[in-house]
Amino acid sequence: HPRIPPSHPAMGISVKVDSATSVAGKTVALVVAYAGVGDKIGVAEGAAAGSIELDAGPDGKLEGLATVCKYVASLASESVAKQLAGASPEDEAMISEWLARASAEYGVANEVGDDKLVELDAHLATRSFVATRGAVSLADLAAYGTTHGALLSMAQEKRNALVHLTRWCDHVGAVSGGARSFGAVPFPRAEPMDLSPPVEDKKAKERAGAKKDDGKKDEAKKKDDGKSKSAPGGDKPDADAVAAARAAKKAAKAAKDAAKGKAPAAQMAKKEITVDVLDIKVGTITRAWEHPGADKLWVESIDVGEAKERQVVSGLRAFKTKEQMEGARVLVLCNVKKGPLRDEMSEGMVMCASDEAHTTVDFVTPPAGAPNGERVRFAGFEGEPVEVLVPKKKMFEACAPKLRTNDEGVACYDGVPFMTSAGACASSLKQAFIK
C-alpha cells in the first residue's frame, strides 16, 4: 500500500485534522493510503483538536470520522470501494454501525476504556474482521486507529489476556500498513518451526550399510546350509509333497479364520473412501507473496487456528491479486502430505471452485462467524480424517469427482453441503468443480 498521501494532491482536496501525528490524523491518512487515493485527496493540519473536516466542493462540507471515511472510499476503484464500504446492503449496514461506534464509543482522544476493549475482544472471538468477512473494511481501519493507542498503553498482562483483539490488531496493522505509522502491538507468538533438512551423518550411514551387507551374507549362508540338509546329495524335494504341505497350511488358516468369524480376504469388500477422510479447516490468509521461482504461484501464510500459521503454495497468480489474497477467508485442506513446491514448503491446499476449462477460479469461502481452525463437517459422514492423505492411495482423487458447487454456489460433496457452526460454505461460481 502507498505511504501517507501528499498534502497537495492533484484534485486539490484535503482532509483537515488537528495534527498529522494525532489519532485523527493517522487514522484518516491510513484510510486514504489503503484506498489508494493519495493522488485525489490529501491530509492537512489546521482543524480544531479532535476534529476532522473536509470541503468536498459540490458535495458540501463533511465532518466526522465516519462521514469522511465513507467519502474517501467513494473515490477508490470500484473493487476497493466495495471492499471498504460494503458490497451488499447487509455489509454496508454493519460497516456503518461500526464506523459510528468507532466515532462515538472509541473516539479520537485516545481514551478508550478497558471495558470497551474487552467487549471488542469478545466480538472478535469468532471473527477475523470487525464487520464483514473476507477482507479489511472501513470499520476495521477506523476501529484499529481509534483503539490502537489504548491497547498499546495497557499493561502487558492485561493486553495478553485480550488475545482476539491483539490478534486482530496485529493482522490489520500488517495487512493495511497501519503498523508503520501506529507501531506494532506486542503479540505473543509461537517459536517458528525449523523446516531445514536434517544433517546426514555419512559415516554412520556407511557403518550401517556395512552391517547390513554382513547380515545378508550370514542369511544367505544359513539358507544354503538349510538346503543342503533338506535335500541331501543335491536332490530336489518331491513336488507332490510340497503341494500337499501348502494345501494343508492354507486349509488350517481358513479354519482358524472361520473360528474367529473372519471372512476370507477375497470375499472382503473394499472400504469406500468418503469425504470424512479430508481434514478441511476454516482459515484466513494473513500474508501472500510471489513465489521466487514460479510466476504462476503465490506463497501464503494462513491462520488455521493453530499455534503457528501454515505456509501454503497455490497456483492462483493468474486469478487473484495480492490484495485479493491477503485477508481472504478460505478453506484449507490440512492433511495433504507436506513438502516443497518449487523449493518453497507447502503445508496445505486452498480449496477453490473452478469452471471446467479452468479459466475462472474463485475461493470456496466460509460464512461470517466461522472461526479459524473449525473443521468443515458433512452430514452423514461422521468419520475422523486420516492424519495424512497418502498420495499412493489417491484418497483425495477418490473424493474429488463428487466435490462441486450447486445451483446456488453452495459447496457440496455428493450433494451434501460443506457445513460450519455458522452455516454452509460457498463460492461465487455455480455448478463448478472444487479442488
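Mentor: A cavity is a set of points, on a 1 Å grid over the protein atoms alone, where a 1.4 Å probe fits but cannot get out, and its lining residues have an atom within 4 Å of a point. This is a predicted model, so local features need pLDDT of at least 70 and side-chain atom pairs pLDDT 80 or more, while totals for chains, interfaces and linings use all residues. Residues are numbered from 1 along each chain, and side-chain values use heavy atoms, with hydrogens and water left out.

Trainee: OK, how many cavities of 30 Å³ or more does the count come to?

Mentor: Just one cavity reaches 30 Å³ or more.

Trainee: And what volume does the largest cavity have?

Mentor: About 60 Å³ for the largest cavity, taken as the space filled by probe spheres set on the points.

Trainee: Which residues line the largest cavity?

Mentor: There's a run of Thr126, Arg127, Ser128 and Phe129, then Thr132 and Arg133. Arg329, Ala368 and Gly369 also line the largest cavity.

Trainee: Switching to rings. How many aromatic pairs does a search of the whole structure find?

Mentor: Four aromatic pairs turn up (ring centres within 6.5 Å; planes under 30 degrees apart are stacked, over 60 edge-to-face, the rest tilted). Tyr144 and Phe182 make an edge-to-face one, at 5.4 Å centre to centre with 75 degrees between the planes.

Trainee: Where do Tyr144 and Phe182 lie?

Mentor: Tyr144 is in helix α6 (residues 138–153) and Phe182 in helix α9 (residues 178–182), so this pair ties together parts 38 residues apart in sequence. Helices here are DSSP H or I runs of at least four residues, strands E runs of at least two.

Trainee: Buried or exposed, those two?

Mentor: Tyr144 and Phe182 are both buried (under 20% relative accessible area; exposed is over 50%, partly exposed in between).

Trainee: What about Phe378 and Phe418, why is that pair edge-to-face?

Mentor: The ring centres of Phe378 and Phe418 are 4.8 Å apart and their planes sit at 70 degrees, so the pair counts as edge-to-face. Phe378 lies in the loop between β13 (361–363) and α13 (395–399), and Phe418 in the loop between β16 (416–417) and β17 (419–420), so the pair links parts 40 residues apart in sequence.

Trainee: What relative accessible area does Phe378 have?

Mentor: Phe378 is buried at 4%, and Phe418 counts as buried at 0% relative accessibility.

Trainee: Which residues form one aromatic cluster with Phe378?

Mentor: Phe381, Tyr413 and Phe418 join Phe378 in one aromatic cluster.

Key: 1 Å grid on protein atoms, 1.4 Å probe; cavity = no way out; pocket = protein on both sides within 12 Å on 5 of 7 lines; lining within 4 Å. Phe/Tyr/Trp six-rings, centres within 6.5 Å; stacked < 30°, edge-to-face > 60°. Buried < 20%, exposed > 50% of the residue type's maximum accessible area, 1.4 Å probe, protein only.
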